[in-house]
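Biologist: I am new to reading structures, and I would like a close look at one part of this one. Could you take me slowly through the surroundings of a single residue, and then through the places that lie around it?

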Amino acid sequence: MENGILHAVVNKDGGLASLYLVKTNREAISHGCSGNQFVVFDDVPLYWDAWDVMDYHLQTRKPVVEVVRPVQVASPGGLRGSVTFTLRISDKSTITQEIILDAMCPYVRFNTQVEWLESHKFLKVEFPVRVRSPNATYEIQFGHLQRPTHRNTSWDWARFEVWGHKWADLSEHGFGVSLLNDSKYGYSVYQNTLTLSLLRAPKAPDANADMGSHQFTYAVMPHT
């Protein structure tokens, strides 16, 4: 898909193989990697199921790779190019997504529907990018803040999950990549991978928290 600003290549499994910012001749996705990689983690806090996220959940990372319906063209181009696909998270849960590139739009949009019937799982999506910086920037109310992209100290390690509002950004001199969203509030940026937290499945105090159908949108925007 191409719109004069961006050139995007989507794999058969919905991964973003390439995202190219035309005017700067810069590729945004890390070499040999795919953006829009869904991953699921075991999420079993020690005490407060719906409140706590423990750092040891990061050791249980499992990519979502089972394709139910491969990528199909939904809109062939002109004012909008888009493709759709469906992935299986488990025997109970699926992800259906439309990846959209509109004419003259500076970002690729991911309209997402998840049927979510999990227990103590944590769903995220990852974008490994060709940007290096010791800090990432996160939007908060009335401004933004920066957090390290490394885990050199115990203080850095403790900030493995960062709350933010509509965007997170990883930039170096002259180039960066922003991860935008309409309704999610957890991010992490470790080294050169931007991650957006999508859904959890706690069982206390509400055994049915977040169960069912979810619709949300996020976007990725390379920029100068």
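Modeller: What follows starts from Glu161 and then moves on to a residue it touches, an enclosed space, and some further sites. Please keep in mind throughout that this is a predicted model.

We can begin with position. Glu161 sits in the loop that runs between α1 (154-157) and β13 (162-163). Its relative accessibility is 24%, and because buried means under 20% and exposed means over 50%, Glu161 counts as partly exposed. If we set aside the neighbours within four places in sequence, Glu161 is in contact with Phe122, Lys124, Gly186, Tyr187 and Ser197. With one of these residues, Ser197, there is also a polar contact, in which the two side chains meet at 2.6 Å. To give a sense of distance along the chain and through space, Glu161 and Ala136 are 25 residues apart in sequence, while their C-alpha atoms are 12 Å apart.

From Glu161 we can step to Lys124, which belongs to strand β10 (residues 121-128). Lys124 has a relative accessibility of 1%, and it therefore counts as buried. The list of residues that Lys124 touches, not counting those up to four places away in sequence, includes Glu161 and Ser197, and among the others are Gln37, Phe38, Val39, Phe41, His57 and Leu58. Thr195, Leu196 and Leu198 are on that list as well. With His57, the side chain of Lys124 makes a polar contact of 3.0 Å. Lys124 and Leu21, in turn, are 103 residues apart in sequence and 25 Å apart in space, taken from C-alpha to C-alpha.

Next comes an enclosed space. The count for this model comes to one cavity of 30 Å³ or more, and the volume of the largest cavity is about 70 Å³. Among the residues that line the largest cavity are Arg159, Phe160 and Val162, and the loop that holds Glu161 ends where β13 (162-163) begins. The lining also includes Tyr138, Pro148, His150, Arg151 and Asp156, together with Ser188, Val189 and Tyr190. Strand β16 (residues 186-190) gives the most to this lining, with three residues. Sorted by kind, the lining residues divide into six nonpolar, two polar and three charged.

Just beyond strand β16 there is a backbone detail to look at. Gln191 lies in the loop between β16 and β17, and it has a positive phi of about 55 degrees although it is not a glycine. The relative accessible area of Gln191 is 40%, so this residue is partly exposed. Phe142 can be set beside it, since Phe142 also has a positive phi, here of about 70 degrees, although it is not a glycine. Phe142 is placed in the loop between β11 (135-140) and β12 (143-148), and its relative accessibility of 87% means that it counts as exposed.

Another backbone detail comes later in the chain. The peptide bond that joins Ala204 and Pro205 is cis, with omega at about 5 degrees. Pro205 lies in the loop between β17 (193-200) and β18, and because its relative accessibility is 67%, Pro205 counts as exposed. Apart from residues up to four places away in sequence, Pro205 touches Ala50 and Trp51. The C-alpha atoms of Pro205 and Phe127 are separated by 33 Å, and these two residues are 78 residues apart along the chain.

The strand that follows this loop holds the last residue on our path. His214 is found in strand β18 (residues 212-223), and with a relative accessible area of 16% it is buried. The side chain of His214 reaches the backbone oxygen of Asp210 at 2.6 Å. Not counting residues up to four places away in sequence, His214 touches Thr112, Gln113, Val114, Trp116 and Leu199.

Finally, a record can be placed beside these details. In an unreviewed entry, UniProt lists residues 1-207 for "domain: Glycosyl hydrolase family 38 C-terminal". In the model, the span of residues 1-207 is 2% helix and 52% strand, and its end C-alpha atoms lie 42 Å apart.

How values were computed: Residues are numbered from 1 along each chain as its sequence is written. This is a predicted model: local features need pLDDT of at least 70, side-chain atom pairs count only at pLDDT 80 or more; totals for chains, interfaces and linings use all residues. Side-chain values use heavy atoms; hydrogens and water are left out. Helices (H or I, at least four residues) and strands (E, at least two) are DSSP runs, numbered from the N terminus. Buried means under 20% relative accessible area, exposed over 50%, partly exposed in between (1.4 Å probe, protein chains only). Contact means heavy atoms within 4.5 Å. A polar contact is a pair of N or O atoms within 3.5 Å; within protein, one must be able to donate a hydrogen and the other to accept it, and residues adjacent in sequence count only if both atoms are side-chain atoms. UniProt positions are given in the numbering used here, feature names are shortened, and annotations may be inferred rather than shown by experiment. On a 1 Å grid over the protein atoms alone, a cavity is a set of points where a 1.4 Å probe fits but cannot get out, and a pocket is an open set with protein on both sides within 12 Å along at least five of seven lines; lining residues have an atom within 4 Å of a point. Grid points are joined across faces, edges and corners, and a volume is the space filled by probe spheres set on the points. Ala, Val, Leu, Ile, Met, Phe, Trp, Tyr, Cys and Pro count as nonpolar, Asp, Glu, Lys and Arg as charged, and the others, Gly among them, as polar.
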